Amino acid sequence: MTTIWGIVNVTPDSFSDGGRFLDTARAIEHGMQLRRDGADVLDVGGESTRPGAERVDPSIEQERVLPVIAALAAEGATVSVDTLNASTAVAAVSAGARIVNDVSGGLADERMLSAVAGTDADYALGHWRGPSSDMYANASYRRAAREVAGELRDGVGRAAAAGIAPSRLILDPGIGFAKAGQANWDVLRGLDEITALGHRVLIGTSRKRFLAETLRASEGDDISLERRDLATAVTSALAVRAGAWAVRVHDVVATRDAIAVARAWES
Ligand code: PMM
């Protein structure tokens with residue numbers, strides 16, 4: 001069964017939703033709408049990780065996400081917290097989050113893995129090679145899927161050493177994180193190297209730059225959100241077909257439909 005993660009970004013600067021959901025009440029309503037749309041998990045984040053983004057103080061991050069997490073969990077939603085900070089992860093689990101989604105795989109905050117180990121939450125461990133402010137400094141690969149799989153395996157080892165049981169892990173190759181253009185396609189094409197690690201795999205392509213680059217007819221063309229969402233639905237359905245357990249998206253309806261159509265083809 002595929003799991004669809006709906007994105008609830010509670011940030012003023014998210015390129016994806018233009019910060020429209022900064023207001024707590026609107027973020028909660030957005031999350032509820034994604035749930036009605038068919039999201040199985042609501043992924044709530046208060047710090048943008050887009051390329052070039054600067055860090056946000058954990059206390060501000062927590063002011064943004066905790067009331068939203070508490071309200072959505074109280075409604076019965078399965079909530080994930082998208083954070084690089086151990087203190088935010090622990091506070092979010094106390095507020096009702098059942099998954100900690102850390103795109104840095106524990107590398108951004110040295111206290112993260114032991115903090116998560118002390119909770120009963122699942123842990124989505126992302127492939128990461130450094131902060132968003134310097135995203136592309138380490139973006140060179142010879143065999144992207146193989147290198148990413150190897151580095152994820154190292155992450156699994158770090159998580160195990162910190163006391164996180166393997167059954168609690170979800171692996172994410174971090175599409176767009178320290179990966180420019182073609183490297184993202186190389187990782188997706190080689191997804192079996194990552195599923196072969198034996199853990200649940202989460203893929204997040206939603207509205208990412210590499211999709212716009214692929215669609216761009218000529219330099220400087222702006223690719224609308226609608227077009228990025230269509231491209232996201234296609235890549236998400238293909239990722240599921242290639243063995244992904246979950247996909248993280250903004251437009252839940254489009255991706256849900258794409259997965260349903262792809263499944264009908266196969267059944
Ligand atoms: N991408 C973003 C944020 N969080 N979490 C996971 N697990 N995987 C991702 O690919 C991922 C993520 C950046 O996208 P956004 O700014 O549109 O939320």
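A polar contact here is a pair of N or O atoms within 3.5 Å; within protein, one must be able to donate a hydrogen and the other to accept it, and residues adjacent in sequence count only if both atoms are side-chain atoms. Keep that in mind for the first stop. Before you click, note that this is a predicted model, where local features need pLDDT of at least 70, side-chain atom pairs count only at pLDDT 80 or more, and totals for chains, interfaces and linings use all residues. Residues are numbered from 1 along each chain as its sequence is written, and side-chain values use heavy atoms, with hydrogens and water left out.

**Stop 1: E47**

Select E47, in the loop between strand 2 and helix 2. (Helices, H or I with at least four residues, and strands, E with at least two, are DSSP runs numbered from the N terminus.) Which side chain does the side chain of E47 meet in a polar contact? It's that of R55, at 2.5 Å. The E47 side chain also reaches the backbone nitrogen of V56, at 3.4 Å.

Is E47 buried or exposed? E47 counts as buried because its relative accessibility is 8%; buried means under 20% relative accessible area, exposed over 50%, and partly exposed in between (1.4 Å probe, protein chains only). Now show its contacts, meaning heavy atoms within 4.5 Å. Leaving aside neighbours within four places in sequence, E47 is in contact with T11, E54, R55, V56, E61, L84 and N85.

**Stop 2: the ligand**

Next, select the ligand and the residues near it, that is, those with a heavy atom within 4 Å of it. You should find 13 residues surrounding the ligand, with D82, N101, D172, K208 and R248 the closest. The shell splits into three nonpolar, six polar and four charged residues. For that count, Ala, Val, Leu, Ile, Met, Phe, Trp, Tyr, Cys and Pro are nonpolar, Asp, Glu, Lys and Arg are charged, and the others, Gly among them, are polar.

Zoom in on the ligand's nitrogen atoms. One lies 2.8 Å from an N or O atom in the D82 side chain. A polar side-chain atom of N101 is 2.7 Å from a ligand nitrogen, and a side-chain N or O atom of D172 is also 2.7 Å from a nitrogen atom of the ligand. How much of the ligand's accessible area does the protein cover? It covers 96% of the 410 Å² that the ligand has on its own, with areas from the Shrake-Rupley method and a 1.4 Å probe; for residues, only the protein chains shown count as cover.

**Stop 3: helix 1**

Move to residues 24-37. This is helix 1, whose 14 residues reach 20 Å from first C-alpha to last, close to the 20 Å expected at 1.5 Å a residue. (The expected span is 1.5 Å times one less than the number of residues.) Colour its buried residues: A27, H30, G31, M32, L34 and D37. Their cover includes strand 1 (3-9), strand 2 (41-45), helix 2 (58-74) and helix 10 (252-266).

Now pick R35, which is in helix 1 and counts as partly exposed, at 33% relative accessibility. Not counting neighbours within four places in sequence, R35 is in contact with L42, E75, G76 and A77. Its C-alpha is 9.4 Å from that of W5, 30 residues away along the chain. Step just past the helix and you reach G38, with a positive phi of about 120 degrees.

**Stop 4: two unusual phi angles**

Most residues other than glycine have a negative phi. Try A178, in the loop between strand 6 (169-172) and helix 6 (182-189): its phi is positive, near 55 degrees. A178 is buried, at 0% relative accessibility. Then select R207, in the loop between strand 7 (200-203) and helix 8 (209-215). Its phi is near 60 degrees, and R207 is buried too, at 10% relative accessibility.

**Stop 5: helix 9**

Finish with residues 225-241. The end C-alpha atoms of helix 9 are 24 Å apart, in agreement with the span for its 17 residues. The buried residues of helix 9 pack against helix 6, helix 7 (191-195), strand 7, helix 8, strand 8 (246-249) and helix 10.

Click T232, one of those buried residues, at 2% relative accessibility. Its side chain reaches the backbone oxygen of R228 at 2.6 Å. Beyond residues up to four places away in sequence, T232 touches T205, S206, R207, L211, V249 and T255. After helix 9 comes G243, with a positive phi near 110 degrees.
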